[in-house]
There are 4 protein chains.
Amino acid sequence: MPDSPKQSLRTAVAGVSGYAGGELARLLLRHPQLTSTPPIFLGRLSEPDVHPTPLTQLHPELSGLPFADELQVSAFDWKQLERESIDLLFLATPHEQSRAWVPDAIGHGMRVIDLSGAWRLHSDSLRAVYKLEDRDPAGAATLQAEAVYGSPELHGPAIKKATLVANPGCYSTSIILALAPLVRANLIDLGHGIICDAKSGVSGAGKALIPNNLFMHAADNLSAYAVFGHRHTGELLEQLNLAEDQIQFTPHLLPIPRGILSTIYVRLNKKCDRAEIQSIFDQFYFDAPFVRVRRSPQLPQIQYVVRTNFCDLGFQLSSDGLRLVLISCLDNLLKGAASQAVQNMNLMAGWHEAEGLL
Amino acid sequence: MPDSPKQSLRTAVAGVSGYAGGELARLLLRHPQLTSTPPIFLGRLSEPDVHPTPLTQLHPELSGLPFADELQVSAFDWKQLERESIDLLFLATPHEQSRAWVPDAIGHGMRVIDLSGAWRLHSDSLRAVYKLEDRDPAGAATLQAEAVYGSPELHGPAIKKATLVANPGCYSTSIILALAPLVRANLIDLGHGIICDAKSGVSGAGKALIPNNLFMHAADNLSAYAVFGHRHTGELLEQLNLAEDQIQFTPHLLPIPRGILSTIYVRLNKKCDRAEIQSIFDQFYFDAPFVRVRRSPQLPQIQYVVRTNFCDLGFQLSSDGLRLVLISCLDNLLKGAASQAVQNMNLMAGWHEAEGLL
Amino acid sequence: MPDSPKQSLRTAVAGVSGYAGGELARLLLRHPQLTSTPPIFLGRLSEPDVHPTPLTQLHPELSGLPFADELQVSAFDWKQLERESIDLLFLATPHEQSRAWVPDAIGHGMRVIDLSGAWRLHSDSLRAVYKLEDRDPAGAATLQAEAVYGSPELHGPAIKKATLVANPGCYSTSIILALAPLVRANLIDLGHGIICDAKSGVSGAGKALIPNNLFMHAADNLSAYAVFGHRHTGELLEQLNLAEDQIQFTPHLLPIPRGILSTIYVRLNKKCDRAEIQSIFDQFYFDAPFVRVRRSPQLPQIQYVVRTNFCDLGFQLSSDGLRLVLISCLDNLLKGAASQAVQNMNLMAGWHEAEGLL
Amino acid sequence: MPDSPKQSLRTAVAGVSGYAGGELARLLLRHPQLTSTPPIFLGRLSEPDVHPTPLTQLHPELSGLPFADELQVSAFDWKQLERESIDLLFLATPHEQSRAWVPDAIGHGMRVIDLSGAWRLHSDSLRAVYKLEDRDPAGAATLQAEAVYGSPELHGPAIKKATLVANPGCYSTSIILALAPLVRANLIDLGHGIICDAKSGVSGAGKALIPNNLFMHAADNLSAYAVFGHRHTGELLEQLNLAEDQIQFTPHLLPIPRGILSTIYVRLNKKCDRAEIQSIFDQFYFDAPFVRVRRSPQLPQIQYVVRTNFCDLGFQLSSDGLRLVLISCLDNLLKGAASQAVQNMNLMAGWHEAEGLL
């Protein structure tokens, strides 16, 4: 059933007030398969009193899009979702809420795409960074086992049939897509260790009123943070099947609104030439509409991926053919969040993967 | 007495945690007349519990300056100020605190430079925008009458003798310095009305954790605010001796950390040529070390004043000789706050006006 | 004929290498009415030797869009345009080239949308700022008389039938859309004079390798330029039917890639209240899909229009009901150039005005 | 002799029109030991026809500084330098000019601080990246042998006596200062290889009118460049005594005007704890006034070093005590160029190292 096209998919987004939520609203309102009925937009658990709020008050940029000026954002309410016969629920909520709500949503018969980190990790110990286990809802362990990591390039067939898709982290997407072809080809000297030096625009940190999100902190600045301790590390370990000391990931805060560039340093376990590496990437992403493999020595830049669902990959090889620098770029709010979620929806609904995303 | 040089001036800064406070600390620590004893740095009323705090924890950029790494920021305390025999107190505090504390400070024998708006306006009705009157301290009215508006270019002699200097607003400084020469020369057609379209970097709004101060709000953006209602308007009226309908002031939030550019539109009451206007400005600021009058048609730019105490002025005249566009630039945290305060201190202490400011 | 829908419109873009050309390419490649055959992309007269060039080499961000990776940009060549039976030619070329080429294009049976300033002005004296007259091609005067100023909100019916559409300037669009409703309503005290203080992102200046386009010039800066002398002034005079001394326009260079905000100061010729003004704008733009009239005192911001075809309008009225501040925002490369051109194409082809633009 | 203070040092700067030249001018005009006679400012070889030019026309921000408004920038002329009895010549010129001029300058009895890469490298093969050898002036080899690499923290005593100081590269300074203490302590597993992922503001690329320096290229963007091939690599090898495959350096272009942050990945050759590492850095830079060692886990940020001569260092150690991430920040135009040159001048003249730099 999930494989057959369905025109009348009814969708809802919880947590629409954030940056990723706003992008998701924009994409769904313009989606060619969703022109008959607009999505339901809901707030977060922490915002019950401010609803209903006009969608265009939260996101003035959406005004003028189909339906947008009439839509209200309501407080989260299971009854409304049932009444509206929602088929697919997007959660752009904090991970605590996502962890608590997903079992209920699935109990109500919905399929879910969760944009938080709540359901991305299968290992209990890795998931401990999210501090979810204390109040884990009934059935969480079973659901976790069935959750599919929402990377269409790696898990497309499973996503099509999934009930729960855990939409990947933004940093993780950029790094995993760069490394997966080489890991699968067994070309990396894992004993040597992989270095991932990643840089992200400010929207990656969300809308929270904290000093690090102030213009006066981020502008004209660059800073490293969460060295040896960023939560996205677990996704790298599980998706690339690595041990903890085989990969090292350092995020930095860039003075731009959006975009991630990851510079990844790899030692190869055999001497390669440029054509071999190029061919491995070209073949791996041959039919992936949203991964653009650049011709070495041309390298990706953030400006070419911002406001798109593309992940751009490029590389440069040392003259000894043993050391590789990979560059991976994407828009953290789109391929790193909202548009990757729509790509997953397209797969789940049986539509073309790129529907509404070009 | 205030006119005679005094090497051993003892200074204190209350409210050092903000952006202007940090700049003030930097200027005082490097001031050539203050090398023997460092200033006392104090917090705000709202921060009593977090003190003492190392100065370089609040402002890591100050580390390595003389004294800086040893200094602690204490909670505000009159006894400490007395014990240290403070001569001059800088207040970089919210206007409510400045209004409440100044009478006490002066009662304790100190001279005061207040960077807030609390004492800038002599008219009760204009000052109403600060909502201070309800709990006005005893003696406030008398003190207000004696307070000197701290524009060294307009009130230098009075500042030298002042007990209380009300340091001007950042927007006000940029606009008043541009208009004062023409107002004094009676060249403006006041009936026509003056338009001041001003643009400021984000630091002008302070360190508050509010949505407008977020990087994601200010970056890649421009917005007008407080149209027909900005508090600095009162300073324009009093200092330029204008009626409310003779000047209109619209501030905008620029996506840069610091700097103000004001574009000012004036109708002249008689036909002028470029040389006349140039000469009026040149003469008015002949001996002002921190106002740079550019040769028309060369115009000021924010980049040339940032991180300096200069206010740059320039103008362009219409071909009919009747319409004038003035451009005025300064650094809102320096000439618009901290370094203008130091310029005032120099005058009050009988030092050279530019001491420690080039 | 132009009014009847035509699925198979064949389009070409000359001057695709610039910023507006790149945006135009993106919009045409994704346009739902142009899915069968891609546009022909051509270079500028000054770039004959570097062609053919892959489109995605000039604009790497376009890779992955339909056709994009196969398309070559050729040197300009009338024979190719004839061979491909081009119906509609977009010129994103310097105004000298546009002036020279349009008569030929029309002679070859094409309709033309010209994005330069070459054909916008009907008055010879105003057009003198473009220095075109010396080598004006045969028939230019006749063509000029028939050229339609491509503002869909003001000249929609004429655009539908036009052979030559002169796409408006970016500053002009933002100012004209803000003022037209009030001018038509005869509410402005024109004798007093209108002040337009406009601010634009750097892309407005094009890709030229000149000092003003350097990052180190524009970043962390703001500067006014072309005071009393910007070429877009002529469009304001003609479209709003104003005399030269009735409007004054000062552009500024903002440290952002794209977006214009114009702050416009108007004296009314009779006392109005907010509801009256709001109603004038609401009615004027009732059926305009790309003008969003904000509720006063809510004001437009650049961030809400960037990457869209919207022009956002807002206003604030003084308490005496006589002075009005208008704020107008748009994306200079889109509503100020490429997407307004597509909006014009939609009208010329008889399609829905918003086709491919939401 | 060089060790004894000399009040009347006569200085000249060739190549004052660039960004580093402008900063150098600012520092020298304000230098407390140079108040009696201002420096001579000269242009580049490529700019003979545009001189003399007022200094403040090239650098409007310098207006108002002592002497600045009277100074002219002349074409380069040995006779003028002799006539003015110049003791110390700063070269902020392209490396070809520096290579050609230094022997002459020294022949004329001057000491030289060269800010280019022309004299930094002792190895002929490493220096080959500058393509200087073809037209190497007479005596270049001897001079090269005597040239001192101008890192005051590493070569202070030699700089004091040097005739020719080769001022270090900006990237090199940030990386060498971070690694030198660990290299000297023999703590790095060099066989594993060091990764230096460095990010620099746009001013590092100079004032050239090239596409990469455009605002529209750099803003809202990040890009890697010169992967496996940046010219500063040679300085790392020589100063840290490393073989080519022991260090890997990837520069990136940050969307900010100035500042460098280098993230450096090191494998230790024995298990360490945080205190050991901290102590190595603290001791190494105990009396270095311009290296600020942060307490781990506090890390440097670009905003705290911009507009200063400080290099800030910080680190974080993995829990296994074997992997180290170093962060190093400085201002590329100051500690990475102009102010490090002044620090070198202070040493050469026998003044306090920090004179005029705080």
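**Exercise 1. Place Gly64(D) in its loop and find what it touches.**

Step 1: Gly64(D) sits in the loop of chain D that runs between α2 (55-58) and β4 (72-74). Helices (H or I, at least four residues) and strands (E, at least two) are DSSP runs, numbered from the N terminus.

A word on conventions before we go on. This is a predicted model, in which local features need pLDDT of at least 70 and side-chain atom pairs count only at pLDDT 80 or more, while totals for chains, interfaces and linings use all residues. Residues are numbered from 1 along each chain as its sequence is written, and chains are lettered from A and ligands numbered from 1 in the order in which they are written.

Step 2: Gly64(D) is partly exposed, because 18 other C-beta atoms lie within 10 Å. A residue is buried with 20 or more other C-beta atoms within 10 Å of its own, exposed with 12 or fewer, and partly exposed in between, with C-beta atoms placed from the backbone.

Step 3: Setting aside neighbours within four places in sequence, Gly64(D) is in contact with Pro289(B), Arg292(B) and Phe310(B). Contact here requires C-beta atoms, placed from the backbone, within 7 Å.

**Exercise 2. Decide how enclosed helix α1 (residues 19-29) of chain D is, and by what.**

Step 1: Of the 11 residues of α1(D), 10 are buried, so this helix is largely enclosed by the rest of the structure.

Step 2: Among the buried ones are Tyr19(D), Glu23(D), Leu24(D) and Leu28(D).

Step 3: In chain D, the buried residues of α1(D) pack against β1 (11-14), β2 (40-42), α2, β5 (88-91) and α12 (338-349). They also pack against α9 of chain C.

**Exercise 3. Describe the contact of chain C with chain D and relate the two copies.**

Step 1: Chain C and chain D each bring 12 residues to the contact. On the side of chain C, helix α9 (residues 215-218) gives the most, with 3 residues.

Step 2: That side of chain C divides into 9 nonpolar, 2 polar and 1 charged residues. Ala, Val, Leu, Ile, Met, Phe, Trp, Tyr, Cys and Pro count as nonpolar, Asp, Glu, Lys and Arg as charged, and the others, Gly among them, as polar.

Step 3: Chain C superposes on chain D by a rotation of 180° with 0.0 Å of shift along its axis (RMSD 0.0 Å). This is the relation of a two-fold axis. The superposition is by least squares on the C-alpha atoms of residues with pLDDT of at least 70 in both.

Step 4: The same surface serves both copies, as 100% of the contact residues of chain C recur in chain D.

**Exercise 4. Work out what chain B offers to chain C.**

Step 1: This contact takes 30 residues from chain B and 30 residues from chain C.

Step 2: On chain B, the strands β9 (194-200), β10 (223-224), β11 (247-253), β12 (260-267) and β15 (323-330) each supply at least two residues.

Step 3: Sorted by class, the side of chain B has 15 nonpolar, 9 polar and 6 charged residues.

**Exercise 5. Summarise the fold of chain A.**

Step 1: Chain A contains 12 helices and 15 strands.

Step 2: Its C-alpha trace spans about 65 × 50 × 45 Å along the principal axes.

Step 3: Of the 358 residues of chain A, 57% count as buried.

Step 4: Of the contacts in chain A between residues at least 6 apart in sequence, 72% join residues at least 24 apart.
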